[in-house]
Amino acid sequence: MADNSSLLRNGNKVLIDNEPYLILENSFVNPGKGQAFTKVRIRNLLNNKMLEKTIKIGETIHEADVINTKMQFLYKENEIYFFMNLTSYEQSEVNESILNNNIKWLVDGDECDVIIFNKSYTRT
């Protein structure tokens, strides 16, 4: 049995069904009869949906490879948006479909919080 209790804390990012989730709340339940479990309230980092899940003790949970970084919006060309990493000064291209409704708020030079999952941009 693997002990994943250290991963099931508020603010940690975990992989559930191969998608990254942010743990918002957790509570450990030890019923009088039966196996103990942890109830977690999580938010999907790809589509922002909220979910409640019960995780049994010994169930394998993996940490999500998620990086939050600040980037500066540079410009738009056709359906591609260009951002610059503020620490390494690397420029990155992000497809319009990833940005969803956030496009209308982007102005040249704006700083954005960008979520990178498995080396690809998921949300700004």
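This report walks through the strands, side-chain pairs and backbone turns of one protein.

**The model and its confidence**

The structure you are looking at is a predicted model. Its average pLDDT is 84, and 92% of the residues reach a score of at least 70. Confidence is not even along the chain: strand β3 has the highest mean, at 92, while strand β10 (residues 120-123) has the lowest, at 66. Please keep that in mind when you look at β10, where the mean is 66.

**An open sheet of five strands**

A good place to start is the open sheet made by five strands, which follow the order β4-β3-β2-β1-β5 with antiparallel pairing. The edges are taken by β4 (50-56) and β5 (62-63), each of which pairs on one side only.

Inside this sheet, look at β2 (residues 19-29) and β3 (residues 37-44), an antiparallel couple joined by eight bridges. To find one of their contacts by eye, go to Leu22, whose bridge partner in β3 is Arg43.

Side chains link these two strands as well. Glu25 and Arg41 form a salt bridge, with 2.8 Å from N to O. Since Glu25 belongs to strand β2 and Arg41 to strand β3, this pair ties together parts that are 16 residues apart in sequence. Glu25 is partly exposed, with a relative accessibility of 44%, and Arg41 is partly exposed too, at 28%.

**Strands β6, β7 and β8**

Further along the chain, strand β6 (residues 66-77) pairs with β7 in the antiparallel sense over six bridges. Strand β7 in turn pairs with strand β8 (residues 91-95), again antiparallel, over five bridges. For a landmark in each case, the bridge partner of Tyr75 in β7 is Phe82, and the partner of Ile80 in β8 is Asn95.

How much of strand β7 (residues 80-85) is buried? Five of its six residues are, so the strand is mostly covered, with burial meaning under 20% relative accessible area.

**Aromatic rings**

The structure contains three aromatic pairs. One of them joins Phe73 and Tyr81, and this pair is tilted, with 5.8 Å between the centres and 35° between the planes. Phe73 and Tyr81 are both buried. Another pair is Tyr75 with Phe82, a stacked arrangement with 4.5 Å from centre to centre and 20° between the planes. You have already met these residues as bridge partners, with Phe82 in β7. What sets the exposure class of Tyr75 is its relative accessibility of 34%, which makes this residue partly exposed. Phe82 is buried, with a relative accessible area of 9%. Ring pairs also link Phe73, Tyr81 and Phe83 into a cluster.

**Around Thr69 and Lys70**

Thr69 is part of strand β6. Is this residue buried or exposed? At 15% relative accessibility, Thr69 counts as buried. Leaving aside residues up to four places away in sequence, its contacts are Asn85, Cys112, Asp113, Val114 and Ile116.

One of those contacts, Asp113, meets Lys70 in a salt bridge at 2.9 Å, N to O. Asp113 sits in strand β9 (residues 111-117) and Lys70 in strand β6, so the pair ties together parts that are 43 residues apart in sequence. Lys70 is partly exposed, with a relative accessible area of 40%. A search of the whole structure finds two salt bridges.

**Backbone turns with positive phi**

Most residues other than glycine have a negative phi. The table lists residues where phi is positive.

| Residue | Phi | Place |
|---|---|---|
| Asn18 | near 60° | loop between β1 (13-16) and β2 |
| Asn78 | near 60° | hairpin of β6 and β7 |
| Tyr89 | about 65° | loop between β7 and β8 |

The hairpin that holds Asn78 has two residues between its strands, and the hairpin of β7 and β8, with Tyr89, has five. Asn18 counts as exposed because its relative accessibility is 68%. Tyr89 is exposed as well, at 59% relative accessibility.

Key. Residues are numbered from 1 along each chain as its sequence is written. This is a predicted model: local features need pLDDT of at least 70, side-chain atom pairs count only at pLDDT 80 or more; totals for chains, interfaces and linings use all residues. Side-chain values use heavy atoms; hydrogens and water are left out. Two strands pair if DSSP finds at least two bridges between them. Helices (H or I, at least four residues) and strands (E, at least two) are DSSP runs, numbered from the N terminus. pLDDT is the predictor's confidence in each residue, from 0 to 100. Buried means under 20% relative accessible area, exposed over 50%, partly exposed in between (1.4 Å probe, protein chains only). Rings of Phe, Tyr and Trp (its six-membered ring) pair if their centres lie within 6.5 Å; planes under 30 degrees apart count as stacked, over 60 as edge-to-face and the rest as tilted. Contact means heavy atoms within 4.5 Å. A salt bridge is a side-chain nitrogen of Lys or Arg within 4 Å of a carboxyl oxygen of Asp or Glu.
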